[in-house]
Amino acid sequence: MANFKTHVQVASVASGVLAGALAWAQLVSLPEAGLLWLTGTLGGIMPDIDADTSRSIQIIFRLFGALGTTLTLLYGRQHLPLLDTLLLGGAAYLLVRYPLCWAFARLTVHRASLHSLLANLVFAMVTVVISHQLFHLGAELAWLMGVFMFAGATIHLLLDELYSIDLEGRRLKKSFGTAFKVMAWPAPLPNLALLGLLLLCWWLVPSPQPLLVVLQQLLPLSHI
């Protein structure tokens, strides 16, 4: 299994190259490229969200806590006094960061359903929904963020699988085959939950047509 530093570094470099290529092709602005780079880097640690003692789960739930606080402040700005808004925002962060993080860690198993391509697809679709529905980003940028999230998370799975191969000893470690998989099996209930969440996200996401336009623009560049 690759360590935290390796996951972050590889996902960061790969995302930076892809985001830089989009900016060079003038398909995204520099600030948008930076946002895509951050999204891909975050994707590089997402599959370890089910590891109870990893740095990944701490970072991810801090970000979720910040997201919860942001949404609470946006709500409170229109409906509550300033002091109540600040107190509610702080409570939202603490609730997500500690009780919800603790409950999530107890209910999940590392390298199970959340360590799969199906889960990566859910991570990507949730990214699109949050970007478009909550932060009102354009459909094109929201979909690109979903693509970068999926790419970063998939790089994570590939790294873990590569680290399961002992080249010096010319053997496969016991962990080989547990990292890169379409879905965990047998795990019908978690898989059904992920599929249900995927369907819900598909109902909430904007039309993927802007993403298809970007991909069509990239095809000629691939022959340069």
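## Buried and exposed residues

A residue is called buried when its relative accessible area is under 20%, exposed when that value is over 50%, and partly exposed in between. By this measure Trp143, with a relative accessible area of 7%, is buried, whereas Trp202 counts as exposed at 52% relative accessibility. The model described here is a predicted one, and within its chain of 224 residues, buried residues make up 41%.

## Overall layout

The chain holds eight helices and two strands. Read from the N terminus, its elements follow the order α-α-α-α-α-α-β-β-α-α, so that the two strands come after six helices and are followed by two further helices, according to the definition by which elements are numbered from the N terminus.

## The nonpolar core

In soluble globular proteins, nonpolar side chains tend to be buried together. In this model the largest nonpolar core has 39 residues, and the members that touch the most other members are Leu22, Val28, Leu36, Ile49, Phe123 and Leu144. Each of the helices α1 (4-24), α2 (30-43), α3, α4 (82-107), α5, α6, α7 and α8 (209-221) supplies at least two residues of this core, and the largest share, eight residues, comes from α6.

## Two aromatic pairs

A pair of aromatic rings is described by the distance of the centres and the angle of the planes. The structure holds two such pairs. In one of them, the ring centres of Phe61 and Phe64 are 5.5 Å apart and the planes stand at 75°, so this pair is edge-to-face. Phe61 and Phe64 are three residues apart in helix α3 (residues 55-79), and are therefore separated by about one helical turn. Phe61 is buried, with a relative accessible area of 6%, while Phe64, at 34%, is partly exposed.

Trp143 and Trp202 also form an aromatic pair, with 6.3 Å from centre to centre and 70° between the planes, and this pair is edge-to-face. Because Trp143 lies in helix α6 (residues 139-162) and Trp202 in helix α7 (residues 188-204), the pair ties together parts that are 59 residues apart in sequence. To return to the values given at the start, the relative accessible area of Trp143 is 7%, which means that this residue is buried, and Trp202 counts as exposed because its relative accessibility is 52%.

## A charge over a ring and a surface patch

Another contact that involves an aromatic ring is that of Arg97, which lies over the face of Tyr98 at 5.0 Å from the ring centre.

On the surface, Leu71, Leu74, Leu134 and Phe135 form a nonpolar patch, and together these residues have about 300 Å² of accessible area. One of the patch residues, Leu134, has its place in helix α5 (residues 117-134), and with a relative accessible area of 36% Leu134 is partly exposed.

## Loop residues with positive phi

Where does Gln26 lie? Gln26 is found in the loop between α1 and α2, and its phi is near 60°, a positive value in a residue other than glycine. Gln26 counts as exposed, since its relative accessibility is 71%.

His136, which lies in the loop between α5 and α6, has a positive phi of about 55° although it is not a glycine. At 64% relative accessibility, His136 counts as exposed.

## Residues apart in sequence and their distances in space

Glu140 is found in helix α6 and is partly exposed, with a relative accessible area of 30%. Although Glu140 and Leu211 are 71 residues apart in sequence, their C-alpha atoms are 5.5 Å apart in space.

Leu189 lies in helix α7 and is exposed, its relative accessible area being 67%. Along the chain Leu189 and Ser113 are 76 residues apart, and their C-alpha atoms are separated by 9.7 Å. Thr70, in helix α3, counts as partly exposed at 31% relative accessibility; Thr70 and Gly90 are 20 residues apart in sequence, with 10.0 Å between their C-alpha atoms.

Notes:
Residues numbered from 1 in each chain as written. Predicted model: local features only at pLDDT ≥ 70, side-chain atom pairs only at ≥ 80, totals over all residues. Heavy atoms only, no water. Phe/Tyr/Trp six-rings, centres within 6.5 Å; stacked < 30°, edge-to-face > 60°. Helix = DSSP H or I, 4+ residues; strand = E, 2+ residues; numbered from the N terminus. Buried < 20%, exposed > 50% of the residue type's maximum accessible area, 1.4 Å probe, protein only. Lys NZ or Arg CZ within 6 Å of the ring centre and 35° of its normal. Patch = residues over 30% accessible without salt bridge, like charges linked within 9 Å, V, L, I, M, F, W, Y side chains within 5 Å. Areas by Shrake-Rupley, 256 points an atom, 1.4 Å probe, with all protein chains shown as cover. Salt bridge = Lys/Arg side-chain N within 4 Å of Asp/Glu carboxyl O. Core = buried A, V, L, I, M, F, W, Y, C linked by side-chain atoms within 4.5 Å.
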